[in-house]
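Notebook open, coffee poured. Today I want to go through this structure piece by piece and jot down what I find.

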Amino acid sequence: MAEFENIDEIGSWSEIKLEIIQKYAHAYSVILSKKNNLSHTYIDAFSGPGFHLSKTDKDRVIQGSPWIALGTEPRFDDYYFIDMDSDKTDMLKLLAQNHDRVHISNGDCNNLLVNRIFPEVQYRDYRRALCLLDPYRLNLNWEVIFQAGQMKSVEIFLNFPTMDMNRNVFWRHPEKVSQNNINRMNAFWGDESWRDIVYSEPQQIHLFDNTAIEKVADNDSVARAFQARLKEKAGFQYVPSPLPLKNSTDATLYYLFFASQQPVAANIVEDIFSQYRGAM
Ligand SMILES: C[S@@+](CC[C@H](N)C(=O)[O-])C[C@H]1O[C@@H](n2cnc3c(N)ncnc32)[C@H](O)[C@@H]1O
């Protein structure tokens, strides 16, 4: 479609993610709207322009997460959207022009969340927030996740970028991984402890060139380790087993995580995830 040249095409796994966000955002807003003393905010850190095209049917427009959030009833009290790409935030401004209390920022969400937006949703101020962290790649910093866990007022959906990790970091010859990719992985994980998970088996030595060949942990083991980290290090009390999001050849591209302080929230998400487990 010529008029949508800068618009991403998304696969069925992303559509499933969006359906899940839609279902949970509705449930969340219903519950929070009944609590008269609390105000509830939606935060979308890698917001995109608000819509996409389908990978398989390029004429089909798909509502992105900001559009879904703006259409959620009952409405949220405030909406924060961030994207680094100014073309995308410009499109989003058009989409949101008839909505109140929408705050759109063009910039790096790692900085904006920690310094400007999370401070707006403090527990002590009776504010609560649902925050979507939806990077395509390893470009989210652990500080964001950690701060969300410590605040107690914020729950998150997190798109865990397994594909980027497998392609660029979890190599059987770790010495060949670039420093830039190691830095991105450390920034996402928060430290280097991912190495102990990913390379937990004893290494073999390559017969001909004497270099080390590592056995790399499977995707589920890495995801389970991150699930434990969300609880033990970031301080979220409830982290359901994440949902693997797969492509048509059954390869896991992402895991969708949810983390919260509320048992009822985790139960709702577990119930939604169960509708999709095994369906991909
Ligand atoms: C997966 S897309 C978002 C899709 C959107 N959440 C949805 O479901 O409709 C990722 C977006 O993040 C933006 N982005 C990448 N790095 C960023 C960063 N550090 N801060 C803010 N936005 C970023 C990209 O420009 C891109 O639009």
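Entry one, a strand pair. I began with isoleucine 10, which stands opposite serine 54 in E3. A reminder to myself: this is a predicted model. I then looked up how E1 and strand E3 (residues 51-54) are joined, and found two bridges, with the strands running parallel.

Entry two, the whole sheet. I followed the pairing outward and got an open sheet of three strands in the order E1-E3-E4, with mixed pairing. At its edges I noted strand E1 (9-10) and strand E4 (61-63), each of which pairs on one side only.

Entry three, the ligand. Where does the ligand sit? I found that the space it takes is the largest pocket. I listed 21 residues around the ligand, and the closest are Phe46, His52, Ser65, Asp83 and Asp134. Sorting this shell by character, I got eight polar, seven nonpolar and six charged residues. I also checked for helices: helix H2 (65-71) and helix H4 (109-117) each give the shell at least two residues.

Entry four, polar atoms facing the ligand. For phenylalanine 46, I noted a backbone N or O atom 3.1 Å from a ligand nitrogen. For methionine 84, a polar backbone atom is 3.1 Å from a nitrogen atom of the ligand. Lysine 88 uses its side chain instead: a polar atom there lies 3.3 Å from a ligand oxygen. How much of the ligand's accessible area does the protein cover? I wrote down 93% of the 610 Å² that the ligand has on its own.

Technical notes. Residues numbered from 1 in each chain as written. Predicted model: local features only at pLDDT ≥ 70, side-chain atom pairs only at ≥ 80, totals over all residues. Heavy atoms only, no water. Near = heavy atom within 4 Å. Polar contact = N/O pair within 3.5 Å; in protein donor to acceptor, adjacent residues only side chain to side chain. Areas by Shrake-Rupley, 256 points an atom, 1.4 Å probe, with all protein chains shown as cover. 1 Å grid on protein atoms, 1.4 Å probe; cavity = no way out; pocket = protein on both sides within 12 Å on 5 of 7 lines; lining within 4 Å. Sits in = over half its atoms within 2 Å of the grid points. Helix = DSSP H or I, 4+ residues; strand = E, 2+ residues; numbered from the N terminus. Nonpolar A, V, L, I, M, F, W, Y, C, P; charged D, E, K, R; others polar. Pairing = 2+ DSSP bridges.
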